[in-house]
Amino acid sequence: NIDFIFSAPGKAILHGEHAVVHGKVALAVSLNLRTYLRLKSNSTGKVSLCLPNIHTFMSWDVSSLLPLRPSTLDAVLVQRLHHFTGFPSEMPDTCAMAVLAFLYIYISVFAESRWSKEELELINSWAFQGERVIHGTPSGVDNAVGTWGGILRYHAGTITPLSRVPVLRILLTNTKVPRSTKSLVAGVRDKIKKFPSVMHPVLESISAVSVTCELTLEEIASDPMPEHYAVLEELIDINQHHLQVLGVGHASLDTLCRTTLAHGLHSKLTGAGGGGCGITLLRPEPPSAELKDCGYDCWETSIGVPGVCLHSAS
Ligand code: MEV
């Protein structure tokens, strides 16, 4: 019998969403909002999977999973992911990560192995396949930050972790406006195709925002000064405008920006946009109570936490 609990961190993209799909630089952070998953087998020959955060419970016959081995997994993965379409279609990315880790832990149990760097790379690549099933043409940034944790610069498939993680508090706000990442990414692609000479400079500027933000975070990590926060806030405003130009803004996100700005705080969408989540760089007194009055869910998070990991095995 097996009984495992493991988790993957939440994630936010500080800068570079959408532009990263077109080969530009993105800066992504892991958040201390983890998705937990429990995997159990019992004497009835069933294996059950529980994702308490999204109230999801599933079970399979052990015999249908036993033949899985790392070498065969890639071949069966896409088929298995289609099995998982019972999950909410806008399943959070980190839940996808946890599901993929579930598949991996299953292999590990029978191979009696522990996770090495190579194995984490494998988890990352499977999670990427999961992203492809759900989102179509993902850049790979989301699965990378879920796997490795920390703060990552992601550029055309190259992952560079920031050597030092600054202390930064981020308010994550879910507007609860549903959106499809797949169609938002497709909409941006269409816009670039229609107005290439207009849109390419916008993507380039978003990339420059990511790079400038990375340099500022490094400075904050070594010697934080109030001016650094002002720079981060200005970059947030610039990028939020760029994202609106790309066509992924939404009235709910405008409300977030307006409400937080009334408290001197700066916000932008994070991820696909069109509703979904926004981030706010926090100063000492967050306006979360007022945002909750708008019907939003708010979490005060900290960044740069560990990636996917196993908590217990019996
Ligand atoms: C979604 O979290 C981020 C996007 O840039 C899509 C991607 O990078 O795959 C919108």
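Reader: What phi does Gly 271 take in the hairpin of E8 and E9, and how many residues lie between the strands?

Author: Gly 271 has a positive phi near 90°, and six residues separate the two strands of this hairpin. The model is a predicted one, in which local features need pLDDT of at least 70, side-chain atom pairs count only at pLDDT 80 or more, and totals for chains, interfaces and linings use all residues. Residue numbers start from 1 along each chain as its sequence is written.

Reader: How do you know that E8 and E9 pair?

Author: Two strands pair if DSSP finds at least two bridges between them. E8 and E9 are joined by four bridges and run antiparallel, so they meet that condition. One such pair of residues is Leu 269 with its bridge partner Gly 278 in E9.

Reader: Why is E8 called a strand, and why an edge strand?

Author: A strand is a DSSP run of E with at least two residues, a helix is a run of H or I with at least four, and both are numbered from the N terminus. E8 spans 267-270, so its run satisfies the strand rule. The open sheet has four strands in the order E8-E9-E7-E10, with antiparallel pairing. E8 and E10 (297-302) are its edge strands, each pairing on one side only. From one strand to the next, the twist averages 30°.

Reader: What makes E7 and E10 partners?

Author: Six bridges join E7 (residues 169-174) to E10, and the two run antiparallel. Leu 172 is set opposite Trp 299 of E10.

Reader: How do you know that helices H8 and H9 pack on the sheet?

Author: Contact between two residues requires their C-beta atoms, placed from the backbone, to lie within 7 Å. H8 (residues 226-245) touches E8 and E9 (277-281), and its direction makes about 55° with that of E8. H9 (residues 251-261) touches E7, E8 and E9, at about 150° to the direction of E8. Angles run from 0 to 180 degrees between N-to-C directions, and axes are lines fitted to C-alpha atoms, for helices over the stretch in contact.

Reader: Why is the crossing of H4 and H5 called right-handed?

Author: A crossing is right-handed if the near helix is turned clockwise from the far one by less than a right angle, and left-handed if anticlockwise. The crossing of H4 and H5 is assigned as right-handed. The axes of H4 (residues 117-135) and H5 come within 9 Å and cross at roughly 145°.

Reader: What residues surround the ligand, and what makes some of them nonpolar?

Author: A residue is near the ligand if its C-beta atom, placed from the backbone, lies within 6 Å of it. There are 14 residues around the ligand, and Glu 17, Pro 138, Ser 139, Gly 271 and Ala 272 come nearest. Ala, Val, Leu, Ile, Met, Phe, Trp, Tyr, Cys and Pro count as nonpolar, Asp, Glu, Lys and Arg as charged, and the others, Gly among them, as polar. The shell around the ligand has seven nonpolar, five polar and two charged residues. H5 (141-148) and H6 (181-194) each supply at least two of the shell residues.

Reader: Which domains does the shell around the ligand draw on?

Author: At least three residues come from each of domain 1 (3-164 + 305-313) and domain 2 (169-302). These bounds come from an automatic or database domain assignment.
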